[in-house]
Amino acid sequence: MTRISCEQAVQQFFAYLDRGLSGEPLDDLEAHLEACLACCDRLAFSRQLDAFVKSRMPDDAAPAGLEARVRQALGRLATET
Amino acid sequence: MSDAAVTSRPPDRAANEPADERRRFETLALPHLGHVFKVAVRLTGRVEDAEDLVQETYIKAFGAFSTLREPERIRAWLLRILARLAVDRHRSPARELAVGDLAQLDRFSLYDLIWDEDPLPYSDHLHRDFLAQFPDEEVRRALLALPEAYRVPLVLLYTEDLSYRDLAEALGCPVGTVMSRLHRARKILERELWQCAKRRGFVRGHGT
């Protein structure tokens, strides 16, 4: 295991949150987090920010006419070919 | 229609029965229209643009239907087509440049800026309360400020919870590119939110 600095730890946060870390880099980061409250706090904010943006994204249902419009376009395509 | 029926179909029948082929496509693909549309709105920010993008996606998908190997994964396949159309459609040099100095961007930390300015001195949850001030439309505007090459992977990650490998496959780029884009996408978002906070008077933001 390698001791990593706060700067190195922060660089790995997004990969960690996205479950994109494994093996030694994951062990190194988790060891750092166990010892560094400041980084835990920063990581918590990154997680919070992800959840915040996710929850504010639009969630519109498809307009009523869209399926008919797509069916029509596919129909036109089929008759052209 | 069962998946087995779809995969065991003799390949030459499609050419003989175009109407059947279209019905087969519609039966498989149209149930996902609502979800594909939801992702399209998140990518484009406008219902009208999302409708166009969805139609374009379905036309392109139908054209490539014979190449679909796993009908049970058609939703992921449709989203892959959607994602690539979204990236290609709006790709322009100006949008790429809007990201600015990458080294400076990588150093940007919304966490530190909030901490340094302490705009809500009576708050016990400074960072959380800072975020709670933003109206929905400002968060959406910040998301739309991202160039497509950054916004598309982030929206797919947030909506589909895909792994880096799946995202790389969807976007047709290496895993390393996906990782750096997702990193920068979040940094650009942080910067946009800070600029918005200054505009709205949530913070003074002197010197930033």
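## Exercises on a predicted two-chain model

With 11 C-beta neighbours inside 10 Å, A:Arg19 counts as exposed. Keep in mind that this is a predicted model. The exercises below start from that residue and then move over to chain B.

**Exercise 1. Find where A:Arg19 sits in chain A, and say what stands out about its phi.**

Solution. Start with the location: A:Arg19 belongs to the loop that links α2 (13-17) to α3 (23-35) of chain A. Next, look at the backbone. Phi there is near 55°, which is positive although the residue isn't a glycine.

**Exercise 2. Do the same for B:Asp118, then decide whether B:Asp118 is buried or exposed.**

Solution. Place B:Asp118 first: look in the loop between α9 (110-117) and α10 of chain B. Its phi is near 45°, again a positive value in a non-glycine residue. Now count neighbours. The exposed class takes residues with 12 or fewer other C-beta atoms within 10 Å. B:Asp118 has 11 C-beta neighbours inside 10 Å, so it counts as exposed.

**Exercise 3. Describe the overall make-up of chain B: which secondary structure elements does it have, and how much of it is buried?**

Solution. Go through the elements from the N terminus and you meet α after α. The tally is 14 helices and zero strands. For burial, 32% of the 208 residues of chain B make the cut. Then check the contacts: taking those between residues at least 6 apart in sequence, 66% join residues at least 24 apart.

**Exercise 4. Work out how α4(B) and α5(B) pack against each other.**

Solution. Begin with the geometry: the axes are 8 Å apart and the packing angle is about 130°. That makes α4(B) oblique to α5(B), since an angle over 115 but not over 145 degrees falls in the oblique class. The crossing of α4(B) past α5(B) is right-handed.

Now for the residues. The α4(B) side includes B:Leu33, B:Val36 and B:Phe37, along with B:Ala40, B:Val41 and B:Thr44. Facing them from α5(B) are B:Val47, B:Asp49, B:Ala50, B:Leu53, B:Val54 and B:Thr57. Sorted by class, this contact has nine nonpolar, two polar and one charged residues.

**Exercise 5. Split chain B into its domains and characterise the side of domain 1 that touches domain 2.**

Solution. The bounds are 3-89 for domain 1 and 93-199 for domain 2 of chain B. Domain 1 of chain B puts 10 residues into the contact, and domain 2 of chain B puts in 13. On the domain 1 side, α4 (33-44) and α6 (74-89) of chain B each supply at least two residues. The largest share of that side comes from α6(B), with six residues. By class, the domain 1 side has six nonpolar, one polar and three charged residues.

**Exercise 6. Which elements of chain B give two or more residues to the side that touches chain A, and which gives the most?**

Solution. First get the totals: 33 residues of chain B are in contact with 28 residues of chain A. Next, list the elements of chain B that give two or more: α3 (18-29), α4, α5 (47-63), α10 (126-132), α11 (136-144), α12 (148-160) and α14 (175-199). Of these, α5(B) gives the most, with seven residues. Finish with the classes: the chain B side has 20 nonpolar, four polar and nine charged residues.

Key. Residues are numbered from 1 along each chain as its sequence is written. Chains are lettered from A and ligands numbered from 1 in the order in which they are written. This is a predicted model: local features need pLDDT of at least 70, side-chain atom pairs count only at pLDDT 80 or more; totals for chains, interfaces and linings use all residues. Domain bounds come from an automatic or database domain assignment. Two residues are in contact if their C-beta atoms, placed from the backbone, lie within 7 Å. Helices (H or I, at least four residues) and strands (E, at least two) are DSSP runs, numbered from the N terminus. Ala, Val, Leu, Ile, Met, Phe, Trp, Tyr, Cys and Pro count as nonpolar, Asp, Glu, Lys and Arg as charged, and the others, Gly among them, as polar. A residue is buried if 20 or more other C-beta atoms lie within 10 Å of its own, exposed if 12 or fewer, and partly exposed in between; C-beta atoms are placed from the backbone. Axes are lines fitted to C-alpha atoms, for helices over the stretch in contact, and angles run from 0 to 180 degrees between N-to-C directions. Angles under 35 degrees count as roughly parallel, over 145 as roughly antiparallel, 65 to 115 as roughly perpendicular and the rest as oblique. A crossing is left-handed if the near helix is turned anticlockwise from the far one by less than a right angle, and right-handed if clockwise.
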